[in-house]
Each structure stands twice: as structure tokens, then as C-alpha cells.
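Here is a friendly walk through one model, meant to be read with the structure open beside you. Please take a look first, and then we can go through the sites together.

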Amino acid sequence: MDYDFNKWMSDYRVISTVGLNEEGGLDRLAFTDYDFAARTELLNRAYGLRLQCYLDAAENLWFSKPGTDPDLPPLLIGSHLDTVPNGGKYDGVLGVMAGFQVMRYLVDNKISHRRTVEMVAFSCEESSRFNLSTIGSKLACGFTTPEKLKNYKDSQGHTPVEFLARLRYSPESLEERREHLKNIYGFIELHIEQGPVLESAGTDIGIVESIAAPIRLKLDIIGHTDHSGACPMDLRHDALTAAAALITEIERLGREESVNKSVATVGKINVPHQALNVVPGRCEIFVDIRGIRRDSMERIRDGMRNFVCGLEKERGVKVEETLLSDESPVPLDHSLGEIIERNCRKTGLSCRWMPSGAGHDAMNVAKLAPTAMIFIPCVGGVSHSLLENVLEKDLRNSIRILYEVVMDICG
Ligand code: GLV
Ligand code: MN
Ligand code: MN
């Protein structure tokens, strides 16, 4: 495969840096102007290639390059373009841009293939804005509805549905997408690993066997607001110090279950009306429990609930729990993984089978169609950070392996 890597990189830089902030991180949160601008950049390039382009009612972008045999079910590749706050340039974008380069190579070189190649940029993959992940693929797969999405709000009170309304949301168009996904040959999402395993083992490619799924909760801790000078220590019901104890316990429970590869994180905390001289009467924390074993994830949640009972008595606070999402670990398609493995061997790339600790749109598609994921190492395993980085050799490998797999399946 002989293509102009520098030309690809210059397109990559344009799209991956939309929403760059002063610190050098990306603030391309889902459905923001930056997110829409990045999608427009991608669309313009796809029009330039004369790909068929389609925007569905969930704001997912679809691209298609028809094969010579319209009776063969298409292969779908792709990922997402939105980021976490102050995020990096590779999570999601690499899968979209590697897919785009494969499409461009097929077009530029007039390469004929029997099976249609499709690409998707799913919308709102990150849970950062609405506390719910993979909204675009959940809608397209029929695993959520605009009605249910009204319960999810960003920090300004906006719901994802407002952005779907821009397109005069039509349930029929999403039903059509679900039917389409049920009939594809398969879906392959290429992504950075977001962890250190490949890099530390010196392995080129990861083939994902299963994806850890999240249980996500919001806990409202309700204590009593008081004067920080006048209220004595023994009469306080401080919601923030109660939250601190709870957060530490959640970390301890996560560590206890790390033998089963589970993790538990509190990455977001809100103290409404916070002030230096006020004993906090209210605090919200957001809990993200993930694992590849359901029983282990449930032990963390149950342990947390037990601790909450003691905390309420001991500190005179009340804790209200809201379930944000509850998903089970998802196995991926082994046969599709074997095709990736075969092509790694063919191209001289080393590979290993591994679980994914992070969540992906592939989790949803896997419930409707055979689905696989290709992992590429990222430097230091760092992700969801402005320090996210990928070596040039791994960027090249990402395009190479994706192209070989696409041609093996579609050629
Ligand atoms: C997606 O990036 C996740 O939070 O796993
Ligand atoms: Mn991410
Ligand atoms: Mn991602």
C-alpha cells in the first residue's frame, strides 16, 4: 500500500485539532460547535472523494463506497470524533481517519472491490457531556430513545435531544439504521488501546476479545448547610466530607476487585453553591464502575451501598442514588478477530488478544452484527488526556492493518 502519509497527516492535523484549547488539549465535546466543525471537515473531504454521505437522525455520519457486487452485505468501519474535556488527538479520531484513508486509497487507486465498504463517525461517544456514553450508536442500534435521553443533562441543563431536534428527529430513519446494522457483514472499530499493555509488551496490534462495560451512578449526598465559623465541628452534617469518605471507599473497593480486572472511579464531583465559608450541605458524585466480569462489578456496587448505610448513620447525611447506565461486558466476534490475526501475520505485525477496559460504540453494534476491534499502542498508555500520543510507526501500522483487513473481506 503506497500512499502519501504526509498528506494524510495534514488532514489528520486539521480534523484532530478542531477545538484545541490554550493548554494544547481538545475541547470537542459532543454536539458543540467544535464537534460540528470537525464533522464538516470530514464531510468536505468525503464529498471530494465522491463517497456517498448520509447523516442520520442521531447525527451519525455514514460514508459508503459501493462494491461491484450489491448483493454482498457491506463491511462497516469507523469510530467517533468527539472528545472528553481537555482530551487528546487520537481517541476516536484515529479510527475515523484511518478508515477515511482506506477509503481514499481505494478511490485514488481505482481499486475495485466486490463488497461495499462503509464508514461511520458515531456521534456523542463520550459520556463527558451528558453522563451517558455512545449515544449515537445506542440510538442507531435501538438501545435508547429520545424520550429516555431527556433524563440526561449537561452542566448547563441541555439534553442531547435538543441537538437531535435540529434535524427534526424521525424515529423511522433510526429504525432503518437498526435494520441496516442487522444486515451488515460486520463492524471493525480501530482505536488506540488507551492503556499500557501493547506498548509495554512491544506488540504492534491488539485484537479485542471483549469490552468492559460500565455501571454508572450519580450519588446525591444531602447533609446540612451551615456557617463555617459558627457551626461547631461536632454538630455538622458536612456533605463534602461524607463524599470524601465515600470516594476513598469506592477506590478501595475497586482495588479489591482489581484481581478480576475491575476498576472504580469517581471522576466528577459537584458542590452546589460552594463557598469558602459555608459547610457544604449538598454534594453530587459520579461513579464509574467497569469490568469484564459482571459479578465483580456488582460486588463493588454492593460494597458501596453497604458503606453508604453506615455513612448515613455515622454522619447524619442522606445519600440518594440515580442509575445513569448499567451495561454488561460485551464479547466480540472471534471469527472477525481471526481475520485480523491472519492479516497481522501476513504483514509481519505482532499481535495479541486482549480485553478493552474502555467503552466503545462497538459494544452496541456487537449486539446486532459481528464486531471486532483493532487496538494500536499509545505512548505510555495515556488517554483521555491532552498528553495522548501515538508514534508514527503505529499510525502507519493502523492504516496498513485496516487496509489489509478491509481488502481481505471486501476485495
Ligand atoms: C470512552 O472513552 C470511555 O469512557 O470508555
Ligand atoms: Mn474516550
Ligand atoms: Mn473512543
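## Metal site and its surroundings

The manganese ion (ligand 3) has as its protein donors His80 (NE2), Asp91 (OD) and His191 (NE2), at 2.0 to 2.2 Å. Donors here are N, O and S atoms within 2.8 Å of the metal (3.2 Å for Na, K and Ca), and water is not among the atoms, so sites may look incomplete. In sequence, the donor residues of this manganese ion (ligand 3) follow the spacing H-x10-D-x99-H.

This is a predicted model, in which local features need pLDDT of at least 70 and side-chain atom pairs count only at pLDDT 80 or more, while totals for chains, interfaces and linings use all residues. Residues are numbered from 1 along each chain as its sequence is written, chains are lettered from A and ligands numbered from 1 in the order in which they are written, and side-chain values use heavy atoms, with hydrogens and water left out.

What are the protein donors of the manganese ion (ligand 2)? They are Asp91 (OD), Glu126 (OE), Glu126 (OE) and His384 (NE2), lying 2.0 to 2.7 Å from the metal. Their residues are spaced D-x34-E-x257-H in sequence. Asp91 coordinates both manganese ions, ligand 3 and ligand 2, which are 3.6 Å apart.

Ligand 1 is surrounded by Asp91, Glu125, Glu126, Arg216, Arg290, Ala358, Gly359 and His384, each with a heavy atom within 4 Å of the ligand. The table gives polar contacts (pairs of N or O atoms within 3.5 Å) from an oxygen atom of ligand 1 to side-chain N or O atoms.

| Side chain | Distance to an oxygen atom of ligand 1 |
|---|---|
| Glu126 | 3.0 Å |
| Arg290 | 2.6 Å |
| His384 | 2.9 Å |

Taken alone, ligand 1 exposes 190 Å², and the protein buries 95% of that; these areas come from the Shrake-Rupley method with a 1.4 Å probe.

Turning to the protein interior, Ile188 is in contact (heavy atoms within 4.5 Å) with residues including Leu75, Leu336, Ile374 and Leu402, leaving aside neighbours within four places in sequence.

Definitions and conventions:
A polar contact is a pair of N or O atoms within 3.5 Å; within protein, one must be able to donate a hydrogen and the other to accept it, and residues adjacent in sequence count only if both atoms are side-chain atoms.
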